[in-house]
Amino acid sequence: MAHRYLVQFGPKQTPHLFIDILVIGAGIAGLRAALEIPQGLDVLVVTKDKIQQSNSAYAQGGIAGVLSPEDRFENHIEDTLRAGGGLCHRDIVEKVVREAPDQINDLIRWGTHFDEEDGHLALTREGGHSHRRIVHALGDATGYEVMRAIIERAAQTPNITLWGDTFTLDLLTHEDRCVGAVVSRPGQGLLLIWAKQTILASGGAGMVYRETTNPPVATGDGMAAAYRAGAELRDMEFMQFHPTVLYVAGSSRFLISEAVRGEGAYLRDRHGKRFMPDIDPRAELAPRDVVAQAIVRRMEETRHPNVYLDLSHLDKALVQRRFPGIDKVCKSFGLDITRDQIPIRPGAHYMMGGVTVDAEGHTTIAGLWAAGEVTSSGLHGANRLASNSLLEGLVFGAACGRGAAAVAATLPDSLTALPLQSRFAPETEGTLDVADITNSLRSGMVRHMGVMRDRAGLEQAQRDVDFWCRYVLAREFHDRPGWELQNLLTIARLMIQSALLREESRGVHLRSDYSQRDDATWQRHVVCPAMTSHFPLA
Ligand SMILES: Cc1cc2nc3c(=O)[nH]c(=O)nc-3n(C[C@H](O)[C@H](O)[C@H](O)COP(=O)(O)OP(=O)(O)OC[C@H]3O[C@@H](n4cnc5c(N)ncnc54)[C@H](O)[C@@H]3O)c2cc1C
């Protein structure tokens, strides 16, 4: 049986901390939220690893925004809607697209150095974009540069306190309101943080797959904690697979940015055939779902574990200037990107589903806001358009910061601890090999919940995950690997269940047994069942 809280705590045994606004996660969404909160309110940002560790810091390609005189907001809106496979919310898409230039200008004001050409911002193109509109930095290390600037800004802001190595276990709720979080800190143990308002910005869940572009922090903790707290989650079947992940033994699945295809790279199969022009008129620049699915089909047809990226026909100097990071990593495996064919295959990249939020970032729980990859905001639909996610983090981060601050300012100054406690009888018999179960889960997700799915595979995945849940979720762990496994299992279960329900193919969700899109039945979200009916509360 799963429990409402991962760990046991009580008001007398656990230390307390009181804060105006708690932000969970120090990626682009969390820090952007913190920077929006006025000086009169104290903000605590907690993150489970070093402050620099987030998906945001690994972003390569850039941030989309209409900045060129040849481009129009309407183009960016249409491109986003088209990629999203009929599930985007037009009002949200319009809001995000129209705010993009201001958000990018704020980043510049705060010290981000985007790449320039002839004294203007250099703009590139990625799959699904009809125009050049992606700003980038340090060639292909946009996330690193943006996060450098934004972390520096947050560190210099007097009302913001940043805590690394602080693992959020669960959201505290009382009378259907979120009132803070229970966290664990090294050397200190559990701590109850009581907050007037809480902003969840804990990122995605790529680590639920063995092959992923995501760093180890992306274990879906915030989604799982919100689910346990009773928040609505939706669209969990929609995991985007990045088409081009380096496939070399020992390479830890390094992402080869879409911008490489934006600059003209080709995809070829093992026989050297360029296959994308036969599949989509946009060829290599078709949206990610189309390209990833075409690659998987080609791998099956040619009975080969990967296909290849070919940049050998492009200007050598341009390739080396635009992609210094990719060049360096490939060189370390003896590959020259200006000459050699680069072996690639799709890997789990971006979670479109998550905690349901409205245009301001409210979740379905009072006092809890959410922004960034942890959410389902209606921007991405069934398939995220490249370079729209850092942008979503900025727009919704700022909205959450504004909204949470406005509410917090109306509440009484002093907070008191509430009589909350978590008590259960954990199953403690026998030791568990947490790493072994984690590896089995991640391999099973690749096998049965990958780019192509069918009922038989999904049901097998469900049986496996249900079996592991029975004895893993009933326990109480005292360290990060155990908590992360509990969260990964919770998320995997929701993903598989949603994928089974959606009996059609749409966006990144490709069912070989329901290969057509079925708007009459499925042009809607799959909302996860509440925890009470799915995992009974202890
Ligand atoms: C390799 C790669 C390249 C990408 N390239 C691009 C790109 O070019 N353009 C683009 O728009 N998008 C890109 N993306 C996607 C984009 O980076 C993410 O969607 C975005 O950064 C998410 O931001 P976020 O703030 O929501 O989450 P994150 O940046 O992942 O931040 C989440 C934060 O929450 C913390 N956290 C997680 N769990 C806990 C917990 N239990 N307790 C406390 N803290 C916790 C993490 O440590 C982290 O600080 C890329 C992603 C990857 C992996």
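Select alanine 499 to begin, a residue placed in helix 14, where helices (H or I, at least four residues) and strands (E, at least two) are DSSP runs numbered from the N terminus. The model on screen is a predicted one, in which local features need pLDDT of at least 70 and side-chain atom pairs count only at pLDDT 80 or more, while totals for chains, interfaces and linings use all residues. Residues are numbered from 1 along each chain as its sequence is written, and side-chain values use heavy atoms, with hydrogens and water left out.

Alanine 499 is buried, with a relative accessible area of 0%; buried means under 20% relative accessible area, exposed over 50%, and partly exposed in between, for a 1.4 Å probe and protein chains only. Show next the residues that alanine 499 touches, which are Glu237, Met449, Arg453, Leu458, His509 and Arg511 when residues up to four places away in sequence are not counted, a contact being heavy atoms within 4.5 Å. If isoleucine 28 is then selected as well, the C-alpha to C-alpha distance from alanine 499 is 29 Å, across 471 residues of sequence.

Stay with helix 14 (residues 480–501) and add helix 12 (residues 434–448), which packs against helix 14 at an angle of about 25° with the axes 10 Å apart. The axes are lines fitted to C-alpha atoms, for helices over the stretch in contact, and angles run from 0 to 180 degrees between N-to-C directions. Helix 12 is therefore roughly parallel to helix 14, given that angles under 35 degrees count as roughly parallel, over 145 as roughly antiparallel, 65 to 115 as roughly perpendicular and the rest as oblique. From helix 12, Val434, Ile437, Thr438, Leu441 and Met445 meet a set in helix 14 that includes Leu485, Leu488, Leu489, Ala492 and Met495. Sorted by class, this contact of helix 12 with helix 14 has eleven nonpolar, two polar and no charged residues, where Ala, Val, Leu, Ile, Met, Phe, Trp, Tyr, Cys and Pro count as nonpolar, Asp, Glu, Lys and Arg as charged, and the others, Gly among them, as polar.

Move now to helix 3 (residues 73–83) and helix 4 (residues 90–109), whose axes come within 9 Å and cross at roughly 135°, so that the two helices are oblique to each other. The contact involves, among others, Phe73, Ile77 and Leu81 of helix 3 and Val93, Val97 and Pro101 of helix 4. The residues of this contact of helix 3 with helix 4 divide into six nonpolar, two polar and five charged.

The sheets come next. Colour strands 3, 7 and 6, which in that order form an open, antiparallel sheet of three strands, two strands being paired if DSSP finds at least two bridges between them. Strand 3 (63–64) and strand 6 (123–124) stand at the edges with a single partner strand each, so one side of each has no neighbour in the sheet. Within the pairing of strand 3 with strand 7 (residues 134–135), which is antiparallel over two bridges, isoleucine 63 stands opposite valine 135.

A second open sheet of three strands has the order 12-17-19 and mixed pairing, with strand 12 (233–234) and strand 19 (375–376) as its edge strands. Leucine 233 has valine 355 in strand 17 as its bridge partner.

End at threonine 168 in strand 9 (residues 167–174), which is buried at a relative accessible area of 12%. Beyond its neighbours within four places in sequence, threonine 168 is in contact with Ile24, Val46, Ala181, Val182 and Val183.
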